[in-house]
Amino acid sequence: MIMPAPGSRLAKLLWTWLVVLAAKIPRDCDAARVAAYPRLIQGETASLDNSTLKNKVSVRLQGGFLTCFMIDLVVKGETLRAMVDSGSTDTIVPLLGINNYTGPTVNQRKPADSNITSSTFSDGSRWVGFGAKTTVSLAGTSVSADNAPFIGVTSQSTDPLLFHSPLEGLIGIAYDSLSSYKTSEGIQSVLGAWYLSGAMANDEIAFHGCPYSHVEDSYIDIGNTEPSTKCNPTGQPNVWAASPVQDFYTVDIRAIYIDGKPIPLPAGFQDPRGSYPWSLVDSCTSAIFIPENVHTALISAIKASGGLPSEVASSSVVDSFLNAGVSLRPKNDFDWAKMPTISFDFLTEAAFKAGGHGTFRITLGPRQYLQRDVNGFYTFLALPNTQYDSDFVLFGVPLFTNLNIVLDRHRGRVGFSMGCGCDAAKQEYPSIQAESGEVWKPTVQTAVDVGNADNAPSSANQPSSLVTEALEPTGEAKPRNATQLPPTATQTAASSASRSKSSMIFAIVLPLVIAIFLHA
């Protein structure tokens with residue numbers, strides 16, 4: 001991960017911005033639901049459902065693509081704002097006395113049977129700590145366990161820091177095989193402790209994520225107690241993809257299409273890293289990373305579609321824009337209906353178990369791979385996967401913002417269904433085609449696209465020229481962090497049989513956007 005130096009003017013500016021926004025969000029909540037989005041970009045709050053159904057816990061989230069989803073955890077009586085990471089399993093918190101940190105901490109002595117451990121994140125931040133167990137709860141709810149494992153961090157690097165307000169912890173929700181510490185009872189994760197204690201109805205987590213314009217509707221359903229059948233002609237809550245390697249949430253992609261045309265997959269695509277080939281679904285990744293030849297085909301289709309605003313198509317920064325080098329706020333809107341789609345065929349859970357070849361297809365439209373922030377700037381979110389020694393697809397936020405995604409730790413699978421706004425959306429809304437051929441799609445075709453409602457400044461109030469947000473030059477052609485957040489704890493893709501439980505951790509997030517306005 002590429003991040004500005006913690007002492008730089010840019011870093012201080014970004015941290016100040018995040019802290020101010022975080023301070024505006026109240027932590028008050030009722031007995032069943034908790035307002036847990038730490039910093040809505042617009043500083044808004046959302047009404048809470050007063051439902052008191054047993055084991056029904058829905059946690060509000062921040063939407064959009066600028067950061068990971070975050071919730072409030074209570075660890076040994078201390079409330080910490082924690083990043084929800086589907087690419088790791090450990091719950092990591094700062095301990096009392098940790099260096100260079102002024103936020104809330106946990107007071108915990110090292111158990112006699114616990115070893116000192118350490119890890120390094122991809123941005124270079126390092127920590128040293130140990131495993132222990134304590135009471136960990138979901139703030140404002142009855143979800144709690146007394147014997148939950150966690151990693152307490154005693155020291156951290158200073159350049160860069162790991163913990164820094166508003167990030168006060170991390171809760172990993174991946175499979176238990178990635179855990180670094182196991183309690184004497186054999187429990188390896190906070191989610192495992194919650195489930196075994198009966199606090200979670202199911203060992204499942206359902207993300208109901210929405211884009212910026214409907215951020216207040218985003219939440220996590222802990223235990224997946226509210227499966228959605230909205231916009232689904234079959235009445236089934238999900239189509240299920242097998243998770244062939246159960247450490248990260250993996251899927252097996254069998255084909256990729258641009259506007260319905262199959263794109264040849266490169267040699268070595270999803271080469272087995274372990275027992276089975278796979279791609280990844282990750283809640284802390286800001287973009288979708290696709291094979292380079294697929295990205296090239298998508299860019300060509302976009303340029304040929306006539307869907308780009310004229311001032312974008314003729315701009316000298318159009319190529320940079322379509323590689324997430326700059327974000328743009330054009331005077332004229334995109335012609336969304338002309339823009340190409342990108343589709344993925346997923347191997348079904350049933351086919352995986354039977355050794356078959358059945359698939360379902362998810363089609364994403366331009367509203368997913370082009371997303372707009374609260375200031376009206378669009379960022380391109382389908383990027384080439386050029387960083388790794390094997391081609392695979394990494395599905396991030398564009399998959400989460402209009403679909404419900406269920407991560408089933410118990411059965412080893414990933415579920416998909418229609419999500420935020422599918423009952424009042426335009427044709428650019430994503431669709432799901434089941435193995436049976438039935439298509440799940442929006443049920444109402446209206447003039448309002450709730451997935452990206454126009455809440456940005458109107459064109460009448462915008463400058464007449466194309467406005468860009470430029471990236472700070474780094475000399476490296478890598479995606480960069482969209483906000484000044486520490487990295488996701490997603491580990492480097494490697495063989496599950498040989499993966500070390502140490503520090504091979506990567507973070508893949510979108511370019512760091514800084515406010516430099518260039519008037520054409």
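Trainee: Two strands pair if DSSP finds at least two bridges between them, and I'd like to try that on β10, so to speak: which residue in β25 stands opposite E204?

Mentor: It is D408 that faces E204 across to β25, and the two strands, with β25 covering residues 403-408, run antiparallel and are joined by five bridges. Please keep in mind that this is a predicted model, in which local features need pLDDT of at least 70 and side-chain atom pairs count only at pLDDT 80 or more, while totals for chains, interfaces and linings use all residues. Residues are numbered from 1 along each chain as its sequence is written, and side-chain values use heavy atoms, with hydrogens and water left out.

Trainee: How many bridges join β10 to β11, and what is the partner of F207 there?

Mentor: Four bridges join β10 to β11, which spans residues 219-222, and these strands also run antiparallel; the partner of F207 in β11 is I220.

Trainee: Is β10 mostly covered or mostly open?

Mentor: Strand β10, residues 204-208, is mostly covered, since five of its five residues are buried (under 20% relative accessible area, with exposed over 50% and partly exposed in between, using a 1.4 Å probe and protein chains only).

Trainee: Which way do its side chains point?

Mentor: From β10, E204, A206 and H208 point one way, whereas I205 and F207 point the other way, and all of them are buried. In a regular strand the side chains alternate between the two faces of the sheet.

Trainee: How many helices and strands does the chain have?

Mentor: The protein chain has eight helices and 32 strands, taken as DSSP runs numbered from the N terminus (helices H or I, at least four residues; strands E, at least two). Of its 520 residues, 61% count as buried.

Trainee: Changing topic, how many aromatic pairs are there?

Mentor: A search of the whole structure finds 16 aromatic pairs, where rings of Phe, Tyr and Trp (its six-membered ring) have centres within 6.5 Å, and planes under 30 degrees apart are stacked, over 60 edge-to-face and the rest tilted. One of them is F248 with W278, a tilted pair at 6.3 Å centre to centre with 50 degrees between the planes.

Trainee: Where do F248 and W278 sit along the chain?

Mentor: They are 30 residues apart and link distant parts of the chain, F248 lying in the loop between β12 (239-242) and β13 (250-251), and W278 in the loop between β15 (261-262) and β16 (279-281). Both F248 and W278 are buried.

Trainee: Why is the pair of F334 and W336 called tilted?

Mentor: The planes of F334 and W336 stand at 40 degrees, with ring centres 5.0 Å apart, so that pair is tilted. F334 is buried because its relative accessible area is 5%, and W336 is buried at 5% as well.

Trainee: Which rings form a cluster?

Mentor: Ring pairs link F344, F346, F360, F395 and F416 into a cluster.

Trainee: What is the mean pLDDT of the chain?

Mentor: The mean pLDDT, the predictor's confidence in each residue from 0 to 100, is 74 for the protein chain, and 69% of its residues reach 70 or more. Among the elements, β15 has the highest mean, 98, and strand β31 (residues 505-506) the lowest, 28. Over residues 1-56 the pLDDT is below 50, and the model gives this stretch 146 contacts (heavy atoms within 4.5 Å) beyond near neighbours in sequence. Residues 445-465 also stay under 50, with 52 contacts beyond four places in sequence.

Conventions
Pairing = 2+ DSSP bridges.
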